[in-house]
Amino acid sequence: MLSIRDPIHGFIRTDALETALIGSRPMQRLRFIHQLGLTFLVFPGAEHSRFSHALGVMHLAGRIYDAVAARSGGRLAVGDEAPARRLVRVAALLHDIGHAPFSHSAEHLFADGLDHEDMTCRLLESDEMRAIFAEHGDGIEPDAVIRILTKRGDAAERLLSQIVTSELDVDKMDYLRRDSLFCGVLYGSYDLERLLETLEVVEDPEDGAWRLGVSHVGVHALEALVMARYYMFTQVYFNVTTKAMELHFDRFLRSVGIEWPGDPEAFLAHDDLSVWSTMRDSDHPHARAIVDRQRFSLAYETREHLSERERDCFKSLIPTIRERFGDEQVMIDNSAKDPHRLKSSRVWVRRWDDSLLPMEQASDFIAQLSRIECFRVYAPREARDEVSSAVEALWRDALQDSADSNSGDS
């Protein structure tokens, strides 16, 4: 048993299985993976790790399970020793063990077309992890955890999956508060206690599946969660300097042929420390841009919410920009995110008369949210002004041509 003091949740306590898993190599490696990748180069406090986040997610998984089990009409067993509760906590604890160095900054460089979720499953199937479950699992096996993380279980397991990964999942609930605290901002604040009080299990009227929903009195708490996520993306996760660092990082890794191995044992040797050491010892310009903070400067930035027409219009300019200045003289980023994605995942609200409404209909605020879509062009400091003027002219002309074309079509 462990009792761990956490800056977000207070004391987090573990059982024998959780304690053994925390001591495993896949979990201990997360101590050396920054939760926010290269963001610590911009927000000095953002030194927190995937390890601490995993502990917080496990803790919240137990709290959400307790909250919804009490209101599940017998679908979920109540009590600390309920197998489903133990399973969902373990799945939450292990959900990030497959993350690459610097988290999402280089997610796309896995060998064999893998992603961090695939690697998580491979690590769960390793001899080390299977031995821990065999000794301490008391009926819980790695295969059950994999079913939760991949949403491939039976009806009850698919409900547990939603606690770990959905629009109401513990992953978001923890990282918003944790990232906000360590970055020194207030954007990630929301009313966690009210949200927990109003979560419940509902039967989806469209397919009969069990889903996490919210009582009508919890709509504003869920709106606050969505708004916190929106602001954290616009103000922190899509920060203009962080995005430049990520582009340099990607170019360095690609140029020197670094990728994350698909073999779990080989993968465990890679973390932020090993990659940073490689960059520090390299004379590659993109490595020096990060280590010595000689990054490219922002030369042009579109507005934050482009229409689909505007997005396609700017994308059409990218080959021209690269051809004009050379691929090594410009870096282009497209920061895009739906801050809610509620329409596709059917978060249901139980109304006062016991009827169910999709969240986007129950909340006028959420219904009005639009996709974040922004392009940025970076260039060396000495070329910034030239690139800025050229891109601005190209963008202005492209928008005018697009408007004229649409006018002619009508």
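1. The side chain of His286 makes a polar contact with that of Glu328, at 3.2 Å. This is a predicted model, and the distance is computed from its atoms. His286 sits in helix α15, residues 285–291. With a relative accessible area of 4%, His286 is buried, because the cut-off for that class is under 20%. Not counting residues up to four places away in sequence, His286 touches His248, Arg251, Phe252, Glu328 and Met331. Glu328 is thus named twice, as the polar partner and among the residues touched.

2. Phe249 belongs to helix α12. Its relative accessibility is 0%, so Phe249 counts as buried. Leaving aside neighbours within four places in sequence, the residues in contact with Phe249 are Leu38, Phe102, Ser105, Ala106, Val275, Met279 and Ile290. One of these, Phe102, is 147 residues from Phe249 in sequence, yet the two C-alpha atoms are 9.8 Å apart in space.

3. Asn239 is found in the loop between α11 (219–237) and α12 (240–255). Is Asn239 buried or exposed? Asn239 is buried, with a relative accessible area of 14%. A polar atom of the Asn239 side chain lies 2.9 Å from the backbone nitrogen of Thr241. Beyond its neighbours within four places in sequence, Asn239 is in contact with Val42, Phe43 and Arg376.

4. Helix α4 covers residues 83–94. Its twelve residues should span 16 Å at 1.5 Å a residue, and the end C-alpha atoms are 17 Å apart, which agrees. Ten of the twelve residues are buried, so α4 is largely enclosed by the rest of the structure. Three arginines are among the buried residues, namely Arg85, Arg86 and Arg89. The others are Leu87, Val88, Val90, Ala91, Ala92, Leu93 and Leu94.

5. At the start of helix α5, a side-chain oxygen of Asp115 reaches to within 3.0 Å of the backbone nitrogen of Glu117. The buried residues of α5 are His116, Met119, Thr120, Cys121, Leu123 and Leu124. What covers these buried residues? The cover includes α2 (25–29), α4, α6 (127–136), α7 and α13 (264–267). On spacing, an α-helix has 3.6 residues a turn, so residues three or four places apart point the same way.

6. Two packed helices are described by the angle between their axes and the distance between the axes. Helix α5 (residues 116–124) packs with helix α7 (residues 142–150) at an angle of about 170°, and the axes are 10 Å apart. Because angles over 145 degrees count as roughly antiparallel, α5 is roughly antiparallel to α7. On the α5 side, the contact is made by Thr120, Cys121 and Leu124. On the α7 side, Pro142, Val145, Ile146, Leu149 and Thr150 take part. By class, this contact has six nonpolar residues, two polar ones and no charged ones. Thr120, Cys121 and Leu124 also appear among the buried residues of α5.

7. Ala390 lies in helix α20, residues 384–409. Ala390 is buried, with a relative accessible area of 8%. Apart from residues up to four places away in sequence, Ala390 touches Arg324 and Phe325. How far apart are the C-alpha atoms of Ala390 and Pro83, and what is their separation along the chain? The C-alpha atoms are separated by 62 Å, and the two residues are 307 apart along the chain.

Notes: Residues are numbered from 1 along each chain as its sequence is written. This is a predicted model: local features need pLDDT of at least 70, side-chain atom pairs count only at pLDDT 80 or more; totals for chains, interfaces and linings use all residues. Side-chain values use heavy atoms; hydrogens and water are left out. Helices (H or I, at least four residues) and strands (E, at least two) are DSSP runs, numbered from the N terminus. Buried means under 20% relative accessible area, exposed over 50%, partly exposed in between (1.4 Å probe, protein chains only). A polar contact is a pair of N or O atoms within 3.5 Å; within protein, one must be able to donate a hydrogen and the other to accept it, and residues adjacent in sequence count only if both atoms are side-chain atoms. Contact means heavy atoms within 4.5 Å. Axes are lines fitted to C-alpha atoms, for helices over the stretch in contact, and angles run from 0 to 180 degrees between N-to-C directions. Angles under 35 degrees count as roughly parallel, over 145 as roughly antiparallel, 65 to 115 as roughly perpendicular and the rest as oblique. Ala, Val, Leu, Ile, Met, Phe, Trp, Tyr, Cys and Pro count as nonpolar, Asp, Glu, Lys and Arg as charged, and the others, Gly among them, as polar. The expected span of a helix is 1.5 Å times one less than its number of residues.
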